[in-house]
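Subject: Structure handover, with notes on the ligand site

Dear colleague,

I am passing on the structure we discussed, so that you can look through it yourself before reading my notes.

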Amino acid sequence: MRPAPRHLLGIEPLDAGAITSILDDAERFFAAKPDAHRDVLRGRTVVNAFFEASTRTRCSFEIAAKRLGADVVNVASAASSVTKGETLLDTAKNLEAMGVDVIVLRHPASGAPHFLAPRLTASLVNAGDGAHEHPTQALLDAFTIKKKKGGLAGLVVAICGDILHSRVARSNALLLGKLGAEVRLAGPRTLLPREASALGPTVVVAPRLEDAVTGADVVMMLRIQTERLAGAMISTGRDYARAFGLSPTRLALAKKDAIVLHPGPMNRGVEIDSRVADGPESVILEQVAAGVAVRSAVLAQLVSGTA
Ligand code: NCD
């Protein structure tokens, strides 16, 4: 047993052992009945503080915390005193004063959870900070891939779309590299990071979508993060689909048993064709199901203090 950290701020500080321990615990939660672990967080309070839109992440953190017996409170930026000029730190300190044990934070500023964590006694979980990290998404993606493929080492994973602004791409590239998968990144040149190699020694940039997808075991499609685009860096949806959309023809370049992932929200007809999104290779809703188990494992580890 290793002492677990108090916070989950990103994939970057985790080693392969810490990642595997979360995935193993998630496996147990996944197999259990929804009411089998009601005592794990009994008497604890979890706050979902979301300063950006969310459907899957917020709901699955809430479901996970409730299934573990916690009291759950949701704060949404539009309805909070942030709109009256309160700082993020003051908001967090006020939540803490109410006896909160875990704050699950989504924030548009990269590094927001890293700023808060050392200033709080509550545990902090990063549910997406700007274009930086989204660790539980990468963990649930890894869980889904592992379930389908038996493991991650040696797999070829193509991640396609707006890589530059995607915290999902970043966390996934870091995690997959740590667990021995090869990562190919593809997207419009203006939406690719300049230093892809900083994401890990197994991360390469492919010039075209076809190059990334050919022979891949896993194809992960990403939406264009329109809210993070500084200017008009891309063409229309139709032009984008023609160059970077995952069609059945393009998917046929991947391995025969390849699977398709998307963290959601999908923009059908732009980065992904509906025939692919709803096709037999798609594990998109399995990712969503995995999210509850993975977030249960993360919350349980942070609160119990062991991994
Ligand atoms: C992602 C996010 O918010 O980073 N969605 C999610 O959490 N499932 C991806 C996105 O917004 O495109």
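The notes below take up the ligand, the pocket, a cavity and one peptide bond.

Please keep in mind that this is a predicted model, in which local features need pLDDT of at least 70 and side-chain atom pairs count only at pLDDT 80 or more, while totals for chains, interfaces and linings use all residues. Residues are numbered from 1 along each chain as its sequence is written, and side-chain values use heavy atoms, with hydrogens and water left out.

The shell around the ligand, taken as residues with a heavy atom within 4 Å of it, consists of Arg 56, Thr 57, Arg 106, His 134, Gln 137, Arg 167, Val 168, Arg 223, Gln 225, Pro 263, Gly 264 and Pro 265. By class, this shell holds three nonpolar, five polar and four charged residues, where Ala, Val, Leu, Ile, Met, Phe, Trp, Tyr, Cys and Pro count as nonpolar, Asp, Glu, Lys and Arg as charged, and the others, Gly among them, as polar. Helix 2 (56-67) and helix 6 (167-178) each contribute at least two residues to the shell; helices (H or I, at least four residues) and strands (E, at least two) are DSSP runs numbered from the N terminus.

Among the polar contacts (pairs of N or O atoms within 3.5 Å), a side-chain N or O atom of Arg 167 is 2.7 Å from an oxygen atom of the ligand, and a polar side-chain atom of Gln 225 also lies 2.7 Å from a ligand oxygen. At Pro 263, a polar backbone atom is 2.9 Å from a nitrogen atom of the ligand. The ligand taken alone exposes 320 Å², of which the protein buries 94%, with areas from the Shrake-Rupley method and a 1.4 Å probe.

The ligand takes up the space of the largest pocket, in the sense that more than half of its atoms lie within 2 Å of the grid points. Pockets and cavities are found on a 1 Å grid over the protein atoms alone: a cavity is a set of points where a 1.4 Å probe fits but cannot get out, a pocket is an open set with protein on both sides within 12 Å along at least five of seven lines, and lining residues have an atom within 4 Å of a point. The volume of the largest pocket, meaning the space filled by probe spheres set on the points, is about 570 Å³. Of its 31 lining residues, Arg 56, Arg 106, Pro 263, Gly 264 and Pro 265 are the closest to the centre. Helix 11 gives the most to this lining, with six residues.

A search of the whole structure finds one cavity of 30 Å³ or more. Its lining has eight nonpolar, one polar and no charged residues, and helix 3 gives the most, with four.

Finally, the peptide bond from Gly 264 to Pro 265 is cis, with omega near -5°, and Pro 265 lies in the loop between strand 9 (259-261) and helix 10 (274-277).

Best wishes

Definitions and conventions: Polar contact = N/O pair within 3.5 Å; in protein donor to acceptor, adjacent residues only side chain to side chain.
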